[in-house]
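Welcome! Please take a moment with the sequence and the 3D structure shown here before reading on.

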Amino acid sequence: MKTLTLKMALPVLCLWTAGRTAAQVSRIATSPVRTVSSVGNDFLSLDGKIYMPSSYKYFDLVNSPYSAIWESDGTPAGTHPMTYIDGASQLTPLAGNKFCFVTSDASFGIPFESVLGVSDGTPGGTQTLKSFLDIPNLQLYTIRLFASANGKAFLFSSQPALWVTDGTVGGTEKLVEFSSASFVYSGEPQWSIAHGDEVYFAAYLSGSSTQAALWKSDGTAAGTVLLKNSEGNPLLQPQHFVEYGGELFFSATDGSTGMELWKTDGTQSGTVLLKDIVPGSVGSSPMGLTAAGSKFYFSARDLTHGTELWSSDGTAGNTQMVRDVYTGSGSGQPMALTAMGNSVYFFANEGVHGVELWKSDGSGGGTQLVKDVNPGPAGQSTGLLSTGTANGYLFFVADDGTHGMEVWQSDGTAGNTLLARDILEGSGSGMFNGTEYEVSRFYTFADRIVFSADNGRTGFEPWISDGVTTRLLRDTNPASGFIEGYIASQVFPELGESNNGTQWFADQDHILFTADDPVYGQEPYISDGQAAPVLLKDLKPGSEGSSPGHYTFHGGQLYFAGEDAEGNQLWVSDGTTAGTRKIGSGLNPSNFMPYKGKLYFSGTGGLYATDGTTAGTVRVFEGIVKEDALPQEMNGLLYFSAKEYSSSYGTELWVTDGDPTLSAAHTHMLKDIRPGSGEGAPYNFRLFGNVLFFVANDGTHGTELWKSDGTAAGTQMVQDLNNTANYSGNARPYGLTPFNGQLYFVASDGAGGPGLLGSYHLFKTDGTAISLVKRLNEESDPAPFGFTVFNSKIYFTAKDPAHGYELWASDGTGAGTALVADMLPGPLASAPFGLIAQEDKLYFAATDQANGYEPRYLDSGGQVHLVADIKTGPAGSLSMPMVRKGNALYFWASDDDDRVALYKIGGSGCPDTLSPNGITESDRKAAISVSTATVNTIPSGADVTYQGGGFVELNPGFAAESGSVFVSRVLGGCQ
């Protein structure tokens with residue numbers, strides 16, 4: 001009988017537990033950073049639901065978030081992604097509770113809003129109707145949905161032309177093509193309106209870039225006409241439409257008057273001037289036409305009173321000024337007119353209180369200030385004019401001088417005109433940031449109001465209010481603005497790979513990451529995995545920050561890149577502020593690679609080596625090193641992709657022994673893969689056995705898989721995998737992963753798949769020939785990706801025609817390559833990301849309908865489990881890819897309070913007393929199975945390995961029984 005006591009340096013949770021079914025998760029600390037905005041001013045209320053596009057970032061596809069259209073019933077639990085589609089916007093209703101939208105096409109390298117889609121509110125009923133990209137003729141037409149009428153949606157294309165759709169391919173047709181010299185208005189609300197079964201809109205006249213005229217359309221080519229006035233003249237600059245009394249009123253000019261008030265019944269004879277308020281060419285400029293009660297209201301100016309509030313009952317005689325708010329020739333300047341009940345609300349300035357909220361019942365006496373929100377004559381409660389009504393309240397944006405631009409509400413009385421909620425607590429503005437969305441807009445949903453706002457933690461996200469409770473509806477993009485730059489080559493082959501973007505890193509003793517703080521900007525933060533992260537050093541004082549990255553641990557020190565006032569610098573740190581210092585000046589480092597006891601990196605003017613000192617930082621190659629190609633050591637030499645200054649060669653394969661004398665004897669081009677000045681541009685280096693594999697283009701066969709044994713003759717293409725004309729003959733291999741004596745990768749062989757890039761499939765090679773493992777997806781999506789070897793298989797994320805992005809595995813055969821778990825069934829994507837093997841489990845983040853995007857793991861039996869529901873319910877914490885520190889995994893996630901925090905799985909401690917369950921293995925070392933028993937018995941014949949933390953302490957008198965084997969392994973701390 002004997003006991004084994006394993007001491008801990010820190011009081012933390014247990015990593016190993018007998019019969020464990022789920023890893024324990026502990027919260028380390030709240031992050032000092034905020035997440036990014038994902039929802040803008042694009043909401044649609046339809047059939048009892050709210051639909052909204054969101055840049056819900058599952059994984060990074062060429063800097064373009066994999067987005068979703070979300071749906072909500074107005075509750076957090078009922079708010080979730082409806083379908084995943086990139087860049088959806090401009091949601092517009094159709095008949096039958098359907099809606100259409102615009103999405104992007106990035107076939108030419110940048111996204112064009114050029115694809116028209118339709119949805120019935122289900123994933124299966126969401127599809128593409130038409131692309132307006134004419135790729136063969138390189139005609140790139142963008143589109144803009146602007147109105148819907150009679151169950152159809154109307155849109156402009158930049159061709160320019162007017163189109164209509166009923167939500168079907170056959171019902172999507174061009175109505176009229178304008179002259180090539182014309183341009184159509186972009187569809188902002190003041191330029192168009194649905195009236196009955198027709199749409200009225202402004203479009204430039206043929207051959208003119210300044211004369212926009214009034215048009216109408218009933219959705220047919222014959223019914224799409226230029227609407228002239230009763231005198232046969234086109235009406236120019238038509239805008240600020242309102243329906244009133246069965247007619248349409250608007251502001252326009254016929255060329256003989258200035259901008260004045262007009263009306264139409266849809267016929268030429270019925271299109272007439274209502275009143276010429278300011279005769280002549282000057283005009284009264286009516287704006288903000290709004291119907292309320294028995295009148296419609298607008299702002300207009302005359303030559304005596306300036307711009308004031310006017311009203312009309314549709315007759316010239318009863319079209320008159322309501323009140324001279326700013327008495328005399330000054331202008332009260334009524335703005336943001338909004339109807340609630342029989343009154344109209346607006347913002348105006350009477351010259352005493354500044355711009356404040358007013359209301360009017362149509363009489364002079366009934367036109368009055370509601371409340372001086374920002375008291376005093378110099379106060380100006382709002383200049384950001386957004387309003388909406390719901391549940392008997394007017395919602396608006398105002399600044400009371402204390403809380404910043406926030407959401408307010410009013411029932412029309414001063415006493416009940418109140419701050420609805422200080423969303424960004426303090427003097428900050430939750431409803432405005434000046435750059436992203438200007439000011440939030442309000443959308444009515446049943447008896448509630450929906451809008452986007454920023455509480456300083458979530459970025460701009462959807463909020464909802466009924467006038468009693470104002471709350472965040474859901475953070476659709478949590479935990480995703482503070483750690484950036486994962487290696488994009490995992491998911492897109494064109495980008496190559498490097499550690500260029502690494503802004504989230506862990507070694508044995510530290511977790512280092514980049515955070516964006518409102519005070520310091522983007523700066524490096526550090527944690528030991530137990531305490532809250534702290535600012536390592538303010539490298540570039542001020543709110544802009546140093547944008548650090550490329551974190552690397554070498555020789556007991558941390559290296560990274562970051563800006564100061566003089567440029568992008570190389571930094572080294574011992575983990576303390578005082579011990580964080582700059583090396584050299586202006587090196588602009590990236591592509592860190594340990595070699596021969598030093599750290600090599602690419603920088604300004606070539607390839608460098610450093611020992612952590614300025615004096616010991618030397619250049620070993622002079623030229624331009626390819627930034628997306630991480631150097632690789634093979635047989636004592638370092639291989640890299642570069643171009644020598646003043647050379648007739650392009651970027652090619654180079655090799656060095658690290659000698660800084662800059663002579664060809666030590667550093668030279670190994671092979672000119674693409675002869676002459678062309679760019680062979682090798683990247684994606686991967687050592688497999690004693691052979692270096694990489695991707696390159698010889699100018700004849702396209703981008704293919706290559707290999708090198710370190711000699712010029714032994715540097716050759718493995719196989720011309722894509723020998724077709726499709727996709728320019730480029731295979732573009734990526735994700736090179738050694739497994740079971742073969743090198744696995746993803747590439748395009750030219751078969752199947754639309755678009756310019758082709759479809760990607762799983763291949764393998766032994767270095768002599770390439771064979772197909774399995775075809776997965778005929779679309780041009782970059783899948784599969786994220787290869788991770790675990791439990792004698794390769795696991796990865798992929799999609800096929802029947803499933804969205806899900807977890808797959810392969811044993812190296814086609815039959816053995818299959819979907820592991822369809823966590824979000826059907827075409828929806830659970831989007832497993834950040835696969836990492838730890839002990840007997842494969843960890844990753846993924847989403848499902850019940851818990852949203854949360855950390856999960858696959859056990860050795862092939863079952864997927866939830867690690868923890870950090871943000872409870874279907875909202876999801878969007879836990880980020882994990883990093884390993886010691887025997888623990890760390891990740892970031894957003895909790896129920898939408899606060900980003902650092903979490904860890906396991907490794908948080910070791911049991912004080914271990915009891916083995918010895919199962920003899922052939923290597924005479926059995927894996928440990930731990931329980932909480934106080935007595936540790938190793939019977940005769942048992943083989944046991946203890947895996948300890950910082951140290952293993954044996955109790956006095958410990959002795960193994962005869963015939964048993966005891967092994968103690970120190971893993972570096974119970975963390």
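What follows is a short tour, from the whole chain down to single residues.

## How to read the model

This is a predicted model, in which local features need pLDDT of at least 70 and side-chain atom pairs count only at pLDDT 80 or more, while totals for chains, interfaces and linings use all residues. Residues are numbered from 1 along each chain as its sequence is written, and side-chain values use heavy atoms, with hydrogens and water left out.

## The whole chain

The protein chain has 80 strands and zero helices. Here strands (E, at least two residues) and helices (H or I, at least four) are DSSP runs, numbered from the N terminus. Of the 975 residues in the protein chain, 55% are buried. Buried means under 20% relative accessible area, exposed means over 50%, and partly exposed lies in between (1.4 Å probe, protein chains only). Among contacts in the protein chain with a separation of 6 or more, 47% are between residues 24 or more positions apart; a contact means heavy atoms within 4.5 Å.

A good example of distant partners is G48, which lies in the loop between β3 (44-46) and β4 (49-54). G48 and A446 are 398 residues apart in sequence, but their C-alpha atoms are 7.5 Å apart in space. Not counting residues up to four places away in sequence, G48 touches S72, D73 and F445. G48 counts as exposed because its relative accessibility is 56%.

## Salt bridges

Let us turn to charges. Side chains of opposite charge can pair when their charged atoms come close. The structure holds 14 salt bridges, each being a side-chain nitrogen of Lys or Arg within 4 Å of a carboxyl oxygen of Asp or Glu. The table gives some of them.

| Residue | Partner | Closest N to O |
|---|---|---|
| K174 | E177 | 3.0 Å |
| D628 | K626 | 2.9 Å |
| R856 | D848 | 3.1 Å |

Are the partners in these pairs buried or partly exposed? K174 has a relative accessible area of 32%, so K174 is partly exposed, and E177 counts as partly exposed at 48%. K626, at 19% relative accessibility, counts as buried. R856 is buried at 3%, and D848 is buried too, with a relative accessible area of 17%. Elsewhere, K540, E544 and E563 are linked in a network of salt bridges.

## Two buried acids without a salt bridge

Which side chain of opposite charge is nearest to E523? It is K540, 8.2 Å away, and E523 is buried yet has no salt bridge. In this count Lys and Arg are positive and Asp and Glu negative, while His and the chain ends are not counted. E523 has its place in strand β45 (residues 521-527). Although the charged groups do not pair, the side chain of E523 reaches the backbone nitrogen of K540 at 3.2 Å. The side chain of E523 also makes a polar contact with the side chain of S546 at 2.7 Å. A polar contact is a pair of N or O atoms within 3.5 Å; within protein, one must be able to donate a hydrogen and the other to accept it, and residues adjacent in sequence count only if both atoms are side-chain atoms. Leaving aside neighbours within four places in sequence, the contacts of E523 include F513, L535, K537 and P548.

D422 is found in the loop between β38 (418-421) and β39 (443-445). D422 is likewise buried without a salt bridge, and the nearest side chain of opposite charge, R421, is 8.2 Å away. The side chain of D422 reaches the backbone nitrogen of G426 at 3.0 Å. Beyond its neighbours within four places in sequence, D422 is in contact with H403 and E406.

## Aromatic rings

A search of the whole structure finds 38 aromatic pairs. Rings of Phe, Tyr and Trp (its six-membered ring) pair if their centres lie within 6.5 Å; planes under 30 degrees apart count as stacked, over 60 as edge-to-face and the rest as tilted. The rings of F745 and F763 have centres 6.0 Å apart and planes at 20°, so this pair is stacked. The pair links distant parts of the chain, with F745 in strand β64 (residues 742-747) and F763 in strand β65 (residues 761-765), 18 residues apart. Both F745 and F763 are buried. Ring pairs also link F146, F154, F156, F201 and W215 into a cluster.
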